[in-house]
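Hi,

Here is the model we talked about, with my notes underneath. Have a look at it first and then read on.

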Amino acid sequence: MSTLQGRTALVTGGSRGIGRGISRRLAAEGALVAVHYGSNDAAAKDTVAAIEAAGGRAFAVRAELGADSGADTVIRAVAAGLQERTGRAHLDILVNNASVADSGGGIATETPDAFDRLFAVNVRAPFFLIQQALPLMGQGGRIVNIGSGVTRIALPGELAYAMTKAAMETLTRNAANELGARGITVNTVAPGPTRTETTAVFYDRPEAQAMIAAGQALERVGTPEDIAAVVAFLAGDDSGWLTANVIDATGGTYLGPKRLG
Ligand code: NAP
């Protein structure tokens, strides 16, 4: 695999879960990957070490995303890291993956603080990351936003989170239209239930697996590698004619009844 040889990539939240899978896959394809994370130094170190052990190139970038977006800190560190390793601060691929999940429930129970935090990390930060990454991208490039299948269903307990992911779909469509003239494509990948270090406690339970199998065409929990494969395709040359899309990567979740009667 070397479809991204010579390319550079930034994966936000690239240290754990789906982001780690994406970082590892892009590096395996040949890209130099900036593995961004918020606070877990050990996880970031492990991810960079795993990439290097497999023969790839990566460096870690620590910056909390939130109310002040954190985008400027991330982009400055990425530019410096790329300059140091390649002799120029040029970014080919931006993957907006970092996000926080909802714990507030529905419209009756969500708090203003939790609502603001969700929008600060999941919407405001990626918006300004795109804005500030653009000078590093120049002509051509790939932006991949990680959304969620929850935007097309009404899942209990995930209202405000689902709203942030719907905002990312709107951002994707508009940014694609604005940046197309520069040869930059912008797409969203929308995962469904995906087993990570954090979600394994829930998805490893037989009841959870039975519930997922009943509501999904492919009848299994997804993996970070499933999502990373879709992102790698969107990051590469073969996807050059795709922009402004929301790619459903849920294994066919909640498509409708499997049989009638
Ligand atoms: P995760 O395992 O919780 O990992 C989150 C990553 O984002 C970590 O690298 C974390 O860094 C970083 N991060 C989180 N908040 C941050 C902040 N405020 N500032 C800076 N970094 C921050 O996440 P995941 O489950 O893999 O999800 C990845 C993406 O897929 C998200 O966009 C999520 O909405 C989407 N998704 C996931 C699922 C699923 O089932 N897992 C389903 C649908 C969509 P630290 O560890 O250092 O804090």
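Met-137 touches quite a list of residues: His-90, Leu-91, Asp-92, Ile-93, Leu-94, Arg-142, Ile-143, Arg-182 and Ile-184, leaving out anything up to four places away in sequence. Contact here means heavy atoms within 4.5 Å. Met-137 sits in helix 4, and with a relative accessible area of 0% it is buried. For the cut-offs, buried is under 20% relative accessible area, exposed is over 50%, and partly exposed is in between (1.4 Å probe, protein chains only). One of those partners, Ile-93, is 44 residues away along the chain, and its C-alpha atom is 8.0 Å from that of Met-137.

Before going further, the ground rules. This is a predicted model, so local features need pLDDT of at least 70 and side-chain atom pairs count only at pLDDT 80 or more, while totals for chains, interfaces and linings use all residues. Residues are numbered from 1 along each chain as its sequence is written, and side-chain values use heavy atoms, with hydrogens and water left out.

Now the chain as a whole. The secondary structure comes to eight helices and seven strands; these are DSSP runs numbered from the N terminus, with helices being H or I of at least four residues and strands E of at least two. For 261 residues, a compact globule would have a radius of gyration near 18 Å, and the chain agrees because it has 18 Å. That value is taken over C-alpha atoms, and the globule rule is 2.2 Å times the number of residues to the power 0.38. Along its principal axes, the C-alpha trace spans about 65 × 40 × 40 Å. Of the 261 residues, 49% count as buried. Among contacts with a separation of 6 or more, 74% come from residues 24 or more positions apart.

On the surface, the chain exposes about 12,400 Å², and carbon and sulfur atoms supply 55% of that. The areas come from the Shrake-Rupley method with a 1.4 Å probe, and for residues only the protein chains shown count as cover. There are 23 positive and 25 negative side chains, with the centres of the two sets 4 Å apart. Lys and Arg count as positive and Asp and Glu as negative, while His and the chain ends are not counted; each charge is placed at NZ of Lys, CZ of Arg, CG of Asp or CD of Glu.

Helix 3 is worth a look. What does it pack against? Its buried residues are Ala-71, Val-74, Ile-75, Val-78, Ala-79, Gly-81 and Leu-82, and they pack against strand 1 (8–11), strand 2 (32–37), strand 3 (57–62) and helix 4 (112–137). An α-helix has 3.6 residues a turn, so residues three or four places apart point the same way. The 16 residues of helix 3 (71–86) should span 22 Å at 1.5 Å a residue, and the end C-alpha atoms are indeed 22 Å apart; the expected span is 1.5 Å times one less than the number of residues. Gly-87 follows the helix with a positive phi, near 85°.

Helix 1 (residues 17–28) has 12 residues and reaches 17 Å between its first and last C-alpha, close to the 16 Å expected. Its buried residues include Gly-17, Ile-18, Gly-19 and Gly-21. Just after helix 1, Gly-30 has a positive phi of about 115°.

Two loop residues also caught my eye. Thr-194, in the loop between strand 6 (184–191) and helix 6 (200–203), counts as buried at 6% relative accessibility. Beyond its neighbours within four places, its contacts include Ile-18, Tyr-203 and Ile-227. Gln-216, in the loop between helix 7 (206–214) and helix 8 (224–235), is buried at 2%. Not counting residues up to four places away, Gln-216 touches Pro-193, Thr-250, Gly-251, Gly-252, Thr-253 and Lys-258.

Last, some backbone angles to check. Most residues other than glycine have a negative phi, and most peptide bonds are trans. Ala-244, in the loop between helix 8 and strand 7 (246–249), has a positive phi near 70° and is partly exposed at 33%. Ala-244 is also one of the contacts of Ala-176, a residue of helix 5 (159–179) that is buried at 5%. Tyr-254, in the segment after strand 7, has a positive phi of about 50° and is partly exposed at 42%.

Cheers
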